[in-house]
Amino acid sequence: MRKTRILYVEDETFLAKIVKESLESRGYEVLLEMDGADVMAQFHEIKPDICILDVMLPNKDGFTIAEEIRKADMNMPIIFLTAKTQTTDLVKGFHKGANDYIRKPFSMEELIVRVENALRYRNGEAQSEEPKDEIRMGEYIFNPHRQTLIYNMVEKKLSFRESELLKLLYENRQHVIDRRDILNVLWGSDSFFNSRTLDVYVTKIRSYLKSDPALKIITVKGVGYRFVME
């Protein structure tokens, strides 16, 4: 049985060495690539289980690479590990297809936990091939097990956390959910960073549901969110 394979893209030599060795000490097989222009060739050659990307890279930036990876494999877990800390960068990262976004400086324990979470999503998806129950939401059909949202016969694939968040909102529809509860359930922590990440996910889900005006995610200032189906 082969080890879980990580494609790690980072051009800071010292940091790359530390992260690579730390991941390898946990039993992962790590291929380090330092030039953005060479990443996709390596991606197709080694067929990784997960990709960890810096954003600022020589010749091709991480956002562009993430888009290319997502086109090649819709379900590939992608984690950004970057010094770009502005909220606009975070939003852009998720829009480019990231499953997670870690700001430097970071702890190796945090990185390990996020890698494990992303891989659980990947493996759970691969093993779940039975037909599952669907949820009708207005004009949409939501399948939390397949992580899909269908509107007008067009299927949209959701990320693990997008699906879990939508499921949580639906299960508590018409009630206000405290944002701290959402953060602790889905991220295990109500830290400021995770709080900003939640805002990004809520914005994305609102955009997915915009074709049906009867579906609303209402922000209750200072408390949390309420999912309304009129």
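**Strands, cores and rings in a predicted model**

Modeller: Let's start with one pair of residues: Leu-81 has Ile-102 of strand E5 as its bridge partner. Please keep in mind that this is a predicted model.

Biologist: What makes E4 and E5 paired strands?

Modeller: Pairing calls for at least two bridges. Strands E4 and E5 are joined by four bridges and run parallel, so they count as paired.

Biologist: Why is Thr-82 called buried?

Modeller: Thr-82 belongs to strand E4. Buried means under 20% relative accessible area, and Thr-82 has 0% relative accessibility, so Thr-82 counts as buried. Leaving aside residues up to four places away in sequence, Thr-82 touches Asp-54, Val-55, Tyr-101, Ile-102, Arg-103 and Lys-104.

Biologist: How do you know that both faces of strand E5 are covered?

Modeller: In a regular strand the side chains alternate between the two faces of the sheet. In strand E5 (residues 100–103), Asp-100 and Ile-102 lie on one side, Tyr-101 and Arg-103 on the other, and all are buried.

Biologist: And Phe-14, is that buried or exposed, and why?

Modeller: Phe-14 lies in helix H1 (residues 13–25). Exposed means over 50%; Phe-14 has 65% relative accessibility, so Phe-14 counts as exposed. Between Phe-14 and Ile-135 there are 49 Å, C-alpha to C-alpha, and they are 121 residues apart in sequence.

Biologist: Why is the contact between Phe-63 and Phe-80 called an edge-to-face aromatic pair?

Modeller: Two cut-offs matter here: ring centres within 6.5 Å for a pair, and planes over 60 degrees apart for edge-to-face. Phe-63 and Phe-80 are 5.3 Å apart, centre to centre, with 75° between the planes, so both conditions are met. Phe-63 is in helix H3 (residues 62–72) and Phe-80 in strand E4 (residues 78–82), so this pair ties together parts 17 residues apart in sequence. Both are buried, and together with Tyr-101 they form one aromatic cluster.

Biologist: What makes Arg-173 and Lys-204 charges that sit over a ring?

Modeller: The distance to the ring centre must be within 6 Å, and the charge must also be within 35 degrees of the ring normal. Arg-173 lies over the face of Tyr-170, at 4.0 Å from the ring centre. The charged end of Lys-204 sits over the ring of Tyr-201, 5.5 Å from its centre. Each distance is therefore within the limit.

Biologist: Which residues touch the most other members of the largest nonpolar core?

Modeller: Leu-53, Ile-69, Met-137 and Leu-165 do, in a core of 49 residues. Helix H8 (residues 192–208) gives the most to this core, with seven residues. A second, separate core has 20 residues, including Leu-23 and Val-115.

Biologist: Now the other sheet strands: in what order do E6, E7, E8 and E9 come?

Modeller: They form an open sheet in the order E6-E7-E8-E9, with antiparallel pairing. Strand E6 (135–137) and strand E9 (154–157) are the edge strands, as each pairs on one side only. On average, neighbouring strands of this sheet are turned by 25° against each other, direction ignored. Helix H6 (residues 160–171) packs on the sheet and touches E6, E7 and E8, its direction making about 75° with that of E6.

Biologist: How do you know that strand E7 pairs with strand E8?

Modeller: At least two bridges are needed, and four join strand E7 (residues 140–143) to strand E8 (residues 148–151), so the two count as paired. Ile-141 stands opposite Ile-150 in E8.

Key: Residues numbered from 1 in each chain as written. Predicted model: local features only at pLDDT ≥ 70, side-chain atom pairs only at ≥ 80, totals over all residues. Heavy atoms only, no water. Axes fitted to C-alpha atoms, helices over the stretch in contact; angles between N-to-C directions. Contact = heavy atoms within 4.5 Å. Core = buried A, V, L, I, M, F, W, Y, C linked by side-chain atoms within 4.5 Å. Buried < 20%, exposed > 50% of the residue type's maximum accessible area, 1.4 Å probe, protein only. Phe/Tyr/Trp six-rings, centres within 6.5 Å; stacked < 30°, edge-to-face > 60°.
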